[in-house]
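Let's take a relaxed walk through a protein model. Have a look at the picture first, and then we'll go through it piece by piece.

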Amino acid sequence: MTGMDARDTQLGDTELKKELAATLHARRELGEDYESALVDSFLEKVDQRIDGAVDRRVRRQVAEQQMVVARGSRAPRSTDSWGERYGFGVVSLVVAIPLSGIGGGVADFRGLFVTWAGIVGVNLAWALRGSSALRRRGRTSEDTD
């Protein structure tokens, strides 16, 4: 919730508390005969408050989406950081140790070869995925210049 939303909520809560106190006071003065009308009136005010809050949120989200469309781009994507690439390589090597033992133990040299071919393939796919995203990003920025 943004600071503005928090203030609006606090203001709305204060106003609703005042409305509830006024409704309860009116009920005491008017008696039980008017209780259902007073409750209905209070619930209608609560519904209006909720509808207003939902409308504001929807308008803000639509405006944000329109800004993204107006800029001609998709929603911002997270980019691969050096830590992610390094971490993927380290995890890949750590996992390679037991996989090499299993592959070599089950199918000797052929099992070891298949295991390492899979490890290299996964790392190659990871590396190409990152570079193709960079190429697309570079091509997009060249097109807009």
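A salt bridge, as counted here, is a side-chain nitrogen of Lys or Arg within 4 Å of a carboxyl oxygen of Asp or Glu. Keep that rule handy, and keep in mind that what you're looking at is a predicted model.

**The overall layout**

Start with the big picture. The chain has three helices and zero strands, so reading along the sequence gives you the pattern α-α-α. Helix α1 covers residues 3–30, helix α2 runs over residues 35–70, and helix α3 takes in residues 82–144. How much of the chain counts as buried? Of its 145 residues, 10% do.

**Salt bridges**

How many salt bridges does the rule give? The count comes to four. Here are some of them, with the distance taken from N to O.

| Positive partner | Negative partner | Distance (N to O) |
|---|---|---|
| Arg27 | Glu35 | 3.2 Å |
| Arg27 | Glu32 | 3.5 Å |
| Lys45 | Glu19 | 2.7 Å |

Arg27 turns up with two partners: its side chain meets Glu35 in one salt bridge and Glu32 in another. Together, Arg27, Glu32 and Glu35 are linked in a network. How open are these residues to the outside? Arg27 is partly exposed, because its relative accessible area is 27% and that class lies between the cut-offs of 20% and 50%. Glu35 is partly exposed too, at 33%. Glu32, at 61%, is exposed, since exposed means over 50%.

Now for the pair Glu19 and Lys45, whose side chains meet at 2.7 Å. What does this pair tie together? Glu19 lies in helix α1 and Lys45 in helix α2, so the salt bridge connects parts that are 26 residues apart in sequence. Both ends are partly exposed: Glu19 has a relative accessibility of 27%, and Lys45 has one of 33%.

**A contact inside helix α1**

Glu19 has another role to show you. The side chain of Thr23 reaches the backbone oxygen of Glu19 at 2.8 Å. Thr23 itself sits in helix α1. Is Thr23 buried or exposed? Its relative accessible area is 15%, so Thr23 is buried, as the limit for that class is under 20%.

**Patches on the surface**

Next, let's turn to the outside. Asp40, Glu44, Asp47, Asp51 and Asp55 form a negative surface patch. Take Asp55 as an example: you'll find Asp55 in helix α2, and with a relative accessible area of 42% it is partly exposed.

There is a nonpolar surface patch as well, with an area of about 740 Å². Which residues make this nonpolar patch? They are Leu93, Phe109, Leu112, Phe113, Val114, Trp116 and Val120. Leu93 is part of helix α3. At a relative accessible area of 53%, Leu93 is exposed, because that value is over the 50% cut-off.

**Putting it together**

To recap, you've met a predicted model with three helices, and a salt bridge between Glu19 and Lys45 that ties helix α1 to helix α2. You've also seen a network made of Arg27, Glu32 and Glu35. On the surface, one patch is negative and another is nonpolar.

Terms used: Residues are numbered from 1 along each chain as its sequence is written. This is a predicted model: local features need pLDDT of at least 70, side-chain atom pairs count only at pLDDT 80 or more; totals for chains, interfaces and linings use all residues. Side-chain values use heavy atoms; hydrogens and water are left out. Patches are made of residues with over 30% relative accessible area and no salt bridge: like charges are joined within 9 Å, nonpolar side chains (Val, Leu, Ile, Met, Phe, Trp, Tyr) within 5 Å. Accessible areas come from the Shrake-Rupley method with a 1.4 Å probe; for residues, only the protein chains shown count as cover. Lys and Arg count as positive and Asp and Glu as negative; His and the chain ends are not counted. The place of a charge is taken as NZ of Lys, CZ of Arg, CG of Asp or CD of Glu. Helices (H or I, at least four residues) and strands (E, at least two) are DSSP runs, numbered from the N terminus. Buried means under 20% relative accessible area, exposed over 50%, partly exposed in between (1.4 Å probe, protein chains only). A polar contact is a pair of N or O atoms within 3.5 Å; within protein, one must be able to donate a hydrogen and the other to accept it, and residues adjacent in sequence count only if both atoms are side-chain atoms.
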